[in-house]
Amino acid sequence: MTSIERTAYPRFKRLITAHELHLFFAPTREEAAWAAERMDSDGHQLALLLALKSYQRMGRFPKPDEYPEMVVDFVRRTVELPEGTLPLYETGRTAERQRAEVRQRVGTKYQQAQARQIAEAVIRKEAAAKNRPADLINIALEKVVAAGLELPAFSTFDTMASTIRTEVNTSICCGIHDRMSLAEQAGMLRLLDERDSDGTTQFNRLKQTAQGPSWSHFKRLFTHLEWLDELGDTAVWVDGVAAPKVTDFAGEADAADASELRDYAAVKRIALLACLAHKARMRVRDDVATMFCKRVAMKIKKAKEELEEIRLAEREIVEDLIGNYRTVLKNLDDGGPAQEALAKAAAMTAEAVKALEGLDEAAPVEEEVARRLGGEVSPAVLALANAQLVQASGLGAVTKAVEGFGGFAGQYEQIEKVSAHHGNFWEVLLYGQLGRDRSVMFDLAEKLEFTATSEDGRVLAALAHAMRNESARGEYITALGEDGKQVDISFATQNWRKAVLDKTRPGRFVRKHFEAMVFTHLAEELRTGDVAVVGSEAYADWSEQLLAWEDIQEQLADYLVEVGLCEEGEASAFDAASFRRQLEDKLRGAAAAADAGYPDNEGLVIDPETGIPSLKPHRSEGQRPSAKRLEQEVKARMPERTLMGIVARTAYWVEWWRRFGPPSGNDPKLKDPFGRYVLTTFVKGTNMGPYEAAKHIPGVSGHELSYVANRHFSIALLNEAIADLVNAHARLDISQAWGDGTAVAADGASLDDPGLLQSLTVLDRRWSGQAEEVQRAVEGLVGHLAEPGGDIRVACRP
């Protein structure tokens with residue numbers, strides 16, 4: 001059975017503010033006269049008015065024991081019935097007559113069969129995509145209310161939702177089971193029995209999560225990805241099943257252990273495991289893509305840190321380069337070894353050439369050559385060879401000097417570092433960080449299937465070009481793609497293009513910088529959603545999740561009216577131009593209001609030269625004496641509260657604990673879910689471990705606390721509970737007194753103390769006799785007034 005607190009079924013809330021009492025439960029004079037005409041006693045008259053106001057508020061008739069005392073007392077005092085008058089909730093003909101009178105006044109008919117028929121049709125339709133009974137009940141409630149019908153009892157909705165949900169889930173599980181081969185079904189069952197080397201079942205391996213973005217973890221994830229893909233094509237298994245349904249089924253399997261799943265029926269067990277395997281395949285792709293993005297971001301950070309280190313060490317590097325360049329110049333300058341060798345080689349070459357000057361190619365060796373060289377040819381040839389050796393030794397002196405400085409590559413690297421410093425050019429340093437991960441990056445690109453979510457596919461085209469040249473080890477690769485055209489890198493920044501392109505080698509890319517650029521932009525595109533991973537969840541193609549335009553058109557008119565963009569009947573003429581014009585009008589109005597208030601705004605200053613606005617730091621005037629007296633008086637009247645008590649009280653009044661529960665969406669099967677959730681919230685909120693807390697809290701074990709925290713709590717559910725607390729506090733009259741609806745003074749500086757005291761007085765008068773409500777409102781007020789370092793009973797409030 002679903003708890004009513006988990007649904008939107010209309011009921012009296014434990015927290016009813018004075019404003020809500022006046023807004024929803026105050027009978028008008030006409031209604032009071034109407035009730036007096038139809039009932040012959042004060043008790044019957046009060047019962048009729050309670051039934052009328054409750055029906056107007058909730059669309060149903062509450063049971064006699066459901067009416068809160070504060071509502072009964074408020075209605076009695078509003079119509080000025082005698083003190084002590086109690087409503088007479090009689091059964092039989094009188095009660096039926098009262099309900100008939102109320103239905104006639106509000107203009108509705110008692111058509112329970114039609115209401116059940118609408119609810120059943122809606123639940124059956126929505127159960128194909130939603131799994132939580134509370135969600136199904138809420139949707140059915142909305143449709144029945146929209147039809148203007150009286151709501152059936154909550155048990156009717158609950159039984160209907162439970163029955164239909166079971167039928168739909170059984171059908172879905174059978175469909176998943178039938179789409180799997182016998183071998184695949186056996187493979188799913190083996191996950192619960194076969195064990196890995198560490199002694200755990202492969203079912204635990206299926207639930208494996210990602211670790212830090214290290215090099216070894218990358219390889220481990222790739223292995224896990226291959227293992228999951230070998231289980232089968234899970235996309236075929238869950239074909240036609242709504243994504244939320246798959247998520248809920250996978251969550252139910254993930255929250256259980258192997259022994260618990262063995263108790264399930266075979267068909268359901270296989271279906272749950274199949275959904276978990278499908279989500280695991282999506283999750284591991286998410287993990288790989290996330291680790292890739294984190295890894296690239298970490299390497300970029302290190303490259304920028306290296307740039308900062310270069311800036312700090314720039315003087316030393318520049319001095320080294322200058323000293324090296326001075327040595328090279330000395331070798332090349334007059335009097336240096338290179339110049340002496342060149343001069344000597346030139347003289348030797350000139351002498352040999354002079355001896356052979358004018359010699360014809362066809363001159364006979366016996367006559368002309370013998371006459372010029374005295375019959376000896378080798379000396380001239382030896383002279384030319386020696387000249388070449390002398391010249392080479394001169395150039396070798398320069399080369400030897402460069403080699404002594406660390407080689408040409410080392411000198412180029414230092415020059416790049418200095419260039420990076422002067423141009424904030426961290427891009428040329430990135431490959432030095434990514435070099436070790438190069439093979440892993442390419443493995444990732446091969447194992448994951450990427451797709452562009454828009455028409456801009458330049459990054460993926462560049463990635464494909466890098467993958468075609470993965471085996472290259474040279475410094476440069478071709479810039480021409482498979483179509484013979486240069487690969488488009490216009491998506492890159494100017495610094496990246498400067499690093500990738502070499503002016504001396506047109507049509508070529510600097511390989512290492514090109515690869516670093518591609519992986520950097522791929523990570524950025526994944527983060528922004530411009531590139532999606534096929535088969536992923538967090539990195540899925542968002543465009544495929546959009547509603548069809550035909551579905552949008554059906555609801556667009558009502559949506560525009562609901563959000564206030566246009567009036568009823570004007571939706572047909574509302575288009576992009578109208579929307580822009582509306583925004584421009586609002587902006588002009590806001591600008592005009594800001595300009596009008598600028599002369600009186602002492603905190604806003606606009607620089608007359610630059611036109612840049614700035615806010616002056618606001619200095620608090622401190623608490624006024626009257627505020628301090630109020631605080632002391634409220635503290636004196638407040639009972640002492642423990643932190644555990646505050647958690648329990650807010651859970652009782654606001655019912656935030658109802659947000660928690662098992663992943664299946666069913667109601668928790670705990671003996672006392674309220675107490676267990678309050679204890680778990682207290683333990684986790686104080687950052688205690690479950691077993692440490694169990695030592696100090698009698699009646700609960702560490703296993704119980706750990707079980708609830710791991711199986712019934714999640715970040716999403718915690719955020720929902722926090723939202724309940726924030727909304728509940730905002731409903732208090734005292735919190736609304738802290739501003740005028742458009743502006744709020746958190747420190748109370750713009751509110752006069754008499755206004756605060758008046759608010760307390762009004763609150764006390766409206767909630768006469770309701771000490772709990774007044775006290776909770778006062779706690780909210782004192783929490784605002786309390787100075788830092790106040791005791792916990794003041795600082796903590798609902």
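**Exercise 1. Overall composition**

How many helices and strands does the protein have? Add the buried share, the contact range and the exposed area.

Solution. The model is a predicted one.
- Step 1: the secondary structure consists of 36 helices and six strands.
- Step 2: of the 798 residues in the protein, 42% are buried.
- Step 3: take the contacts with a separation of 6 or more; 71% of them join residues 24 or more positions apart.
- Step 4: the exposed area is about 44600 Å², and 53% of it comes from carbon and sulfur atoms.

**Exercise 2. The setting of Pro87**

Place Pro87 in the chain, decide whether Pro87 is buried or exposed, and list what Pro87 is in contact with.

Solution.
- Step 1: Pro87 sits in a loop, with helix 4 (69-78) on one side and helix 5 (93-106) on the other.
- Step 2: the relative accessibility of Pro87 is 14%, and buried means under 20%, so Pro87 counts as buried.
- Step 3: once neighbours within four places in sequence are set aside, the contacts of Pro87 are Gly43, Leu46, Ala47, Leu50 and Val72.
- Step 4: for one of these, Leu50, the C-alpha to C-alpha distance to Pro87 is 8.3 Å, while the separation in sequence is 37 residues.

**Exercise 3. Helix 7 and helix 8**

Describe how helix 7 and helix 8 cross, and which residues make the contact.

Solution.
- Step 1: the axes of helix 7 (residues 133-146) and helix 8 (residues 154-178) come within 9 Å, with a crossing angle of roughly 125°.
- Step 2: roughly perpendicular covers 65 to 115 degrees and roughly antiparallel begins over 145, so an angle of roughly 125° makes helix 7 oblique to helix 8.
- Step 3: the two helices cross in the right-handed sense.
- Step 4: helix 7 contributes Pro133, Leu136, Ile137, Ala140, Leu141 and Val144 to the contact, and helix 8 contributes Phe154, Phe157, Asp158, Ala161 and Arg165.
- Step 5: sorted by class, these are nine nonpolar and two charged residues, with no polar ones. The charged residues are Asp158 and Arg165, both from helix 8.

**Exercise 4. Helix 21 and helix 22**

Carry out the analysis for helix 21 and helix 22.

Solution.
- Step 1: the axes of helix 21 (residues 438-447) and helix 22 (residues 458-468) come within 11 Å and cross at roughly 120°.
- Step 2: an angle of roughly 120° lies between the perpendicular range, 65 to 115, and the antiparallel one, over 145, so helix 21 is oblique to helix 22.
- Step 3: the crossing of helix 21 with helix 22 is left-handed.
- Step 4: Phe442, Ala445 and Glu446 of helix 21 meet Leu463, Ala466 and Met467 of helix 22.
- Step 5: the classes are five nonpolar, no polar and one charged. The charged residue is Glu446 of helix 21.

**Exercise 5. Positive phi at Glu655 and Asn687**

For Glu655 and Asn687, give phi, the loop and the exposure.

Solution.
- Step 1: Glu655 is not a glycine, yet its phi is positive, near 65°.
- Step 2: Glu655 belongs to the loop between helix 28 (643-654) and helix 29 (673-685).
- Step 3: a relative accessibility of 3% is under the 20% limit, so Glu655 counts as buried.
- Step 4: Asn687, also not a glycine, has a positive phi of about 65°.
- Step 5: the loop that holds Asn687 runs between helix 29 and helix 30 (690-694).
- Step 6: the relative accessible area of Asn687 is 71%, and exposed means over 50%, so Asn687 is exposed.

Notes:
Residues numbered from 1 in each chain as written. Predicted model: local features only at pLDDT ≥ 70, side-chain atom pairs only at ≥ 80, totals over all residues. Heavy atoms only, no water. Helix = DSSP H or I, 4+ residues; strand = E, 2+ residues; numbered from the N terminus. Buried < 20%, exposed > 50% of the residue type's maximum accessible area, 1.4 Å probe, protein only. Contact = heavy atoms within 4.5 Å. Axes fitted to C-alpha atoms, helices over the stretch in contact; angles between N-to-C directions. Parallel < 35°, antiparallel > 145°, perpendicular 65-115°, else oblique. Left-handed = near helix turned anticlockwise from the far one by under 90°. Areas by Shrake-Rupley, 256 points an atom, 1.4 Å probe, with all protein chains shown as cover.
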